[in-house]
Amino acid sequence: MRSMQGRVVASSGNKTVAVEVTRLAPHPKYKRRVRKKKKFQAHDPDNQFQIGDFVQLEKSRPISKTKTFLAVPLPVKSKKEKKAEGDLGIPLESQQQELQA
């Protein structure tokens with residue numbers, strides 16, 4: 001099973017967080033995509049997640065009656081460096097003269 005991503009909505013229990021997963025599904029009658037939400041209980045062994053954190057849920061062995069997922073921090077996305085304003089990767093004429101000299 002693929003892993004899911006969601007937002008922590010409760011962390012009241014010890015080593016347990018409630019994660020709300022939102023997905024888009026077609027409406028049965030109107031065929032428009034609507035948001036569907038579902039809450040899952042996930043195991044948080046270090047109590048590291050707080051309300052509002054985004055986590056990834058991975059399937060694991062059943063830990064309790066309602067917990068079958070393990071909460072894992074999301075992998076950090078690499079940020080691309082922003083180019084200077086007006087920089088298209090092509091040097092301007094004034095910059096070309098400086099490069100030639």
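Start at P73, which touches Q48 and F49 once residues up to four places away in sequence are set aside; contact here means heavy atoms within 4.5 Å. P73 belongs to strand 5. The C-alpha atoms of P73 and Q48 are 9.2 Å apart, with their positions 25 residues apart along the chain. P73 is partly exposed, at a relative accessible area of 43%. For that scale, buried means under 20% relative accessible area, exposed means over 50%, and partly exposed is what lies in between (1.4 Å probe, protein chains only).

Before going further, a word on what you're looking at. This is a predicted model, in which local features need pLDDT of at least 70 and side-chain atom pairs count only at pLDDT 80 or more, while totals for chains, interfaces and linings use all residues. Residues are numbered from 1 along each chain as its sequence is written, and side-chain values use heavy atoms, with hydrogens and water left out.

How confident is the predictor? The pLDDT is its confidence in each residue, from 0 to 100. The mean for the protein chain is 86, and 79% of its residues reach 70 or more. Among the elements, strand 3 has the highest mean pLDDT, 96, and helix 1 (residues 93–100) the lowest, 67. Where pLDDT is low, the predicted coordinates should not be read in detail.

Now the overall layout. The protein chain has 1 helix and 5 strands, and along the sequence they follow the pattern β-β-β-β-β-α. Helices (H or I, at least four residues) and strands (E, at least two) are DSSP runs, numbered from the N terminus. Of the chain's 101 residues, 21% count as buried. Looking at contacts with a separation of 6 or more, 46% come from residues 24 or more positions apart.

What makes up the largest nonpolar core? It has 12 residues in all: M4, V8, V17, V19, V21, F40, A42, F49, V55, L57, F69 and A71. A nonpolar core is a set of buried Ala, Val, Leu, Ile, Met, Phe, Trp, Tyr and Cys residues joined through side-chain atoms within 4.5 Å. Strand 1 (4–10), strand 2 (16–26), strand 3, strand 4 (54–59) and strand 5 each give two or more residues to this core, and strand 2 gives the most, with 3. Take A42 as a way in: leaving out residues up to four places away in sequence, A42 touches K15, T16, V17, V19, L57, K67, F69 and A71.

Two of the core residues deserve a closer look. F40 and F69 form an edge-to-face aromatic pair, 5.1 Å centre to centre with 70° between the planes. The rule is that rings of Phe, Tyr and Trp (its six-membered ring) pair if their centres lie within 6.5 Å; planes under 30 degrees apart count as stacked, over 60 as edge-to-face and the rest as tilted. Because F40 lies in strand 3 (residues 33–43) and F69 in strand 5 (residues 67–73), the pair ties together parts that are 29 residues apart in sequence. Both rings belong to buried residues: F40 has a relative accessible area of 17%, and F69 has 6%. F69 has another partner too, with the charged end of K59 over its ring, 5.0 Å from the centre. To count, NZ of Lys or CZ of Arg must be within 6 Å of the ring centre and within 35 degrees of the ring normal.

Strand 3 also holds H43, which is buried at 17% relative accessible area. The side chains of H43 and K67 are joined by a polar contact of 3.1 Å. Such a contact is a pair of N or O atoms within 3.5 Å; within protein, one must be able to donate a hydrogen and the other to accept it, and residues adjacent in sequence count only if both atoms are side-chain atoms. Beyond residues up to four places away in sequence, the residues that H43 touches include K15, I63 and L70.

L70 lies in strand 5 and counts as partly exposed, at 29% relative accessibility. Besides H43, its contacts include P45, Q56 and E58, again not counting residues up to four places away in sequence.

Finally, the loops. Most residues other than glycine have a negative phi. K15, in the loop between strand 1 and strand 2, has a positive phi near 65°. K31, in the loop between strand 2 and strand 3, has a positive phi of about 60°. K15 is partly exposed at 37%, whereas K31 is exposed at 61%.

Conventions: pLDDT is the predictor's confidence in each residue, from 0 to 100.
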